[in-house]
Amino acid sequence: MDHSESRPAGRPRDADADDRIIDAALAEYAAHGRAGYSLNGVARRAGVGKSSIYLRWRDKETLLVDAVHARADAPSVDTGTLEGDLLGVYSWLLQHFLTEAGWVAVRVAVEGATDDATSWAAPQRLGAGHAAMLATVWRRAADRGEIPGPDDARVRVATRMMYGDLLLRAMVDREHLGSLDEAGRAEEARFVVSMLIRLLNA
């Protein structure tokens, strides 16, 4: 993760402090949501002065976006088939949304649902890495002739269905999902992906 744009030139890097602040920001937002998230709370959790945070990030919003991205590096998925790629993407997202960073991303998206697309909390900004990963999957599938094209109406519907399922389950089904082992999560992924493939082949 590189937040150099928000860091004044010449500041020595302290990766340990960076990590503590990032983790503290996620924990603070996870505990208190948008209304209660503050740099004072982050500083207390991280064991640093608030001035140390301002040396690295210009405001609490920039810090939170960087924190979500830092703990949500999307993997490269290329299995050679659309079904395999979707299984990889869905399985990773399912696991990610059960982490603290994933839960924070869900809360930010819900609490910022009425914000416009330029807001720091816009889903397009927080989920940019996820969207790029899925866009690559659709593009490869189109190149292989598995779908008409990445902008096909069925692809757009499949994308909304996948994310809708993931976000809803992250909010209302967390306890059950968290109790599943790797095999159980894989079975959940296979079921959803099989439905998406049926839609795309309709």
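**Exercise 1.** Which residues are exposed on the other side of H9? Work out how the two sides of this helix compare in the predicted model.

*Solution.*
Step 1: Find the helix. H9 covers residues 153–172, and its 20 residues reach 28 Å from the first C-alpha to the last. That is close to the 28 Å expected at 1.5 Å a residue.
Step 2: List what is buried. You should get Val 155, Ala 158, Met 162, Tyr 163, Leu 166, Arg 169 and Ala 170.
Step 3: Look down the axis. Those buried residues fall within an arc of 135 degrees, so they line one face of H9. Here's the handy rule: an α-helix has 3.6 residues a turn, so residues three or four places apart point the same way.
Step 4: Now flip to the other side, where Arg 160 and Val 172 are exposed.
Step 5: See what the buried residues pack against: H5, H6, H8, H10 and H11.

**Exercise 2.** Which residue caps the N-terminal end of H9?

*Solution.*
Check the residue numbers around the helix start. The cap is Asp 152, with a side-chain oxygen 3.0 Å from the backbone nitrogen of Arg 154.

**Exercise 3.** Is His 96 buried or exposed? Do the job for His 130 too.

*Solution.*
Step 1: Place them. His 96 sits in helix H5, and His 130 in helix H8.
Step 2: Use the cut-off, under 20% for buried. His 96 has 4% relative accessibility, so it counts as buried. His 130, at 7%, counts as buried.
Step 3: Check the contacts. His 96 touches Arg 71, Ala 72, Ala 101, Gly 102 and His 130, leaving aside neighbours within four places in sequence. With that sort of neighbour left out, His 130 touches Ala 72, Trp 92, Leu 93, His 96 and Tyr 163.

Notes:
Residues numbered from 1 in each chain as written. Predicted model: local features only at pLDDT ≥ 70, side-chain atom pairs only at ≥ 80, totals over all residues. Heavy atoms only, no water. Helix = DSSP H or I, 4+ residues; strand = E, 2+ residues; numbered from the N terminus. Buried < 20%, exposed > 50% of the residue type's maximum accessible area, 1.4 Å probe, protein only. Contact = heavy atoms within 4.5 Å. Expected span 1.5 Å × (residues − 1). Arc of directions from axis to C-beta. Polar contact = N/O pair within 3.5 Å; in protein donor to acceptor, adjacent residues only side chain to side chain.
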